[in-house]
Amino acid sequence: MKPTLRIGIIGGGLMGREAASAFARWFVLNNFPVQVELVAVCDLQPTLLDWFRQIPTVKLLTPDHHQLLASPEVDVVYVAVPHNLHEAIYLDVLAAGKDLLAEKPFGIDLAAARRIRDAAAKSGRFVRCSSEFPFLPGVQRVIEWAQSGTMGQPLEVRSCFWHSSDLDPTKPANWKRQVRTCGAIGVMGDLGMHVVHVPFRLGWFPSRVYAQLQKIYHERPDGKGGTAPCDTWDNAMLHTEVNIQGIETPMRLEMKRLAPGATNSWSIEILGTDGGMRYSTAEPKTLWKFDRSKEQWWSRTDLGFQTPFPTITGGIFEPGFPDCFLQMWAAFAAERQGALGNRFGCVTPDEAVRSHELFEAALASHAQRTAVIPG
Ligand SMILES: NC(=O)c1ccc[n+]([C@@H]2O[C@H](COP(=O)([O-])OP(=O)(O)OC[C@H]3O[C@@H](n4cnc5c(N)ncnc54)[C@H](O)[C@@H]3O)[C@@H](O)[C@H]2O)c1
């Protein structure tokens, strides 16, 4: 009999419902060692709680997260709420003796992230942070290749996450556009964990950062007939240096809410003198590989569904966002069970803190117009 992970969600908005969708099709995972069951949901909005009524395993729906945390039926909690609420709710989860899959950016700022990391270590609970794109087959191939030692001398790395819906100035403001609720790091808090997860796991931590941050729209409609101030950074370009195979290598991290034409485009490019790889979710099946022999080649491979955790889906079918989100949850559940093996794992609390150290250095760099050492 497989053990069952009983899950509670705090924050049933965009990501809370995405998580529910992943749990609802858990049975597609082949021979997975753990079952999951969504048993409790907390959100302040009654209409969202109503949405979760269609899931038969959900026994508790509440607007009070303390009530959810008091339930002995809940083993693991996924928290997907605005950034200003991360610290208080994550600490409540740990104090209740539950394991936690936190959302990024893991606290509204560096000080909060450090307090959460320290509380997690003290509690002994299993804590990880969300970042799903590395679990796509194309990204897995890039990671394997980067670890193979065949790039020759490293030349450069580029890791990007681009959105474009904010280009529309009539899009109403929400909590992600304001420092009070999103954090002073702005777009870096929204998109930054996604661009650092792979480089950090490869051991590429910036030793220096020069940041260019942009605020383009300073106010937006508030959705109630008036306007609301928008004081967060919209776009961030971090020009960093990392040590790859003992060589100081430029690494550019791009986080953009205003990237013309890009919907939710995550991409990575790693170039060396002997080889390179390039992958973007804009072309989810396409993997580009550079090889240098007598001639130089960029070859294109049409990928299939080779996910880290095998599923019933046909090997030639194409993966998407719900698939990598399910794979990330599988990595969380497997690692918690001691069954991850040598597969890629979710962001650790230490990695989350290092991301905040980088973003805080980026804020200082932009303010001083100079390069800054993170940490
Ligand atoms: N992993 C990803 O790809 C990804 C994508 C988007 C957002 N996120 C992260 O997920 C988190 C939530 O973002 P979202 O886009 O789902 O936001 P959202 O606004 O869609 O949902 C947040 C939900 O939290 C609820 N909420 C607010 N205060 C609460 C409280 N005290 N108790 C219970 N519920 C409360 C709100 O009612 C809302 O339904 C953020 O940390 C964000 O950075 C991650």
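A residue is near a molecule if one of its heavy atoms lies within 4 Å of it. By that yardstick, 24 residues surround the ligand, and the closest are Asp43, His83, Lys104, Glu132 and Lys176. Before we go further, please keep in mind that this is a predicted model, where local features need pLDDT of at least 70, side-chain atom pairs count only at pLDDT 80 or more, and totals for chains, interfaces and linings use all residues. Residues are numbered from 1 along each chain as its sequence is written, and side-chain values use heavy atoms, with hydrogens and water left out.

Let's start with the shell around the ligand. By class, this shell has twelve nonpolar, seven polar and five charged residues; here Ala, Val, Leu, Ile, Met, Phe, Trp, Tyr, Cys and Pro count as nonpolar, Asp, Glu, Lys and Arg as charged, and the others, Gly among them, as polar.

Now for the polar contacts, that is, pairs of N or O atoms within 3.5 Å. Two lysines each approach an oxygen atom of the ligand with a side-chain N or O atom: for lysine 176 the distance is 2.6 Å, and for lysine 104 it is 2.8 Å. Glutamate 103 has a side-chain N or O atom 3.3 Å from a nitrogen atom of the ligand. Taken alone the ligand exposes 840 Å², and the protein buries 86% of that (accessible areas by the Shrake-Rupley method with a 1.4 Å probe).

Where does the ligand sit? Its place is the largest pocket, with more than half of its atoms within 2 Å of the grid points. A pocket is an open set of points on a 1 Å grid over the protein atoms alone, where a 1.4 Å probe fits, with protein on both sides within 12 Å along at least five of seven lines; lining residues have an atom within 4 Å of a point. About 1100 Å³ of space lies in this largest pocket, a volume being the space filled by probe spheres set on the points. Of its 45 lining residues, Leu14, Met15, Lys104, Trp175 and Lys176 are the closest to its centre. Helix α1 (14-24) is one of the elements that each supply at least two lining residues, and α1 gives the most, with five. Helices here are DSSP runs (H or I, at least four residues) numbered from the N terminus.

The second largest pocket holds about 240 Å³ of space. Its lining has 14 residues, with Gln140, Arg141, Ile143, Glu144 and Phe344 nearest the centre. Helix α6 (residues 137-147) provides the largest share, six residues.

Terms used: Polar contact = N/O pair within 3.5 Å; in protein donor to acceptor, adjacent residues only side chain to side chain.
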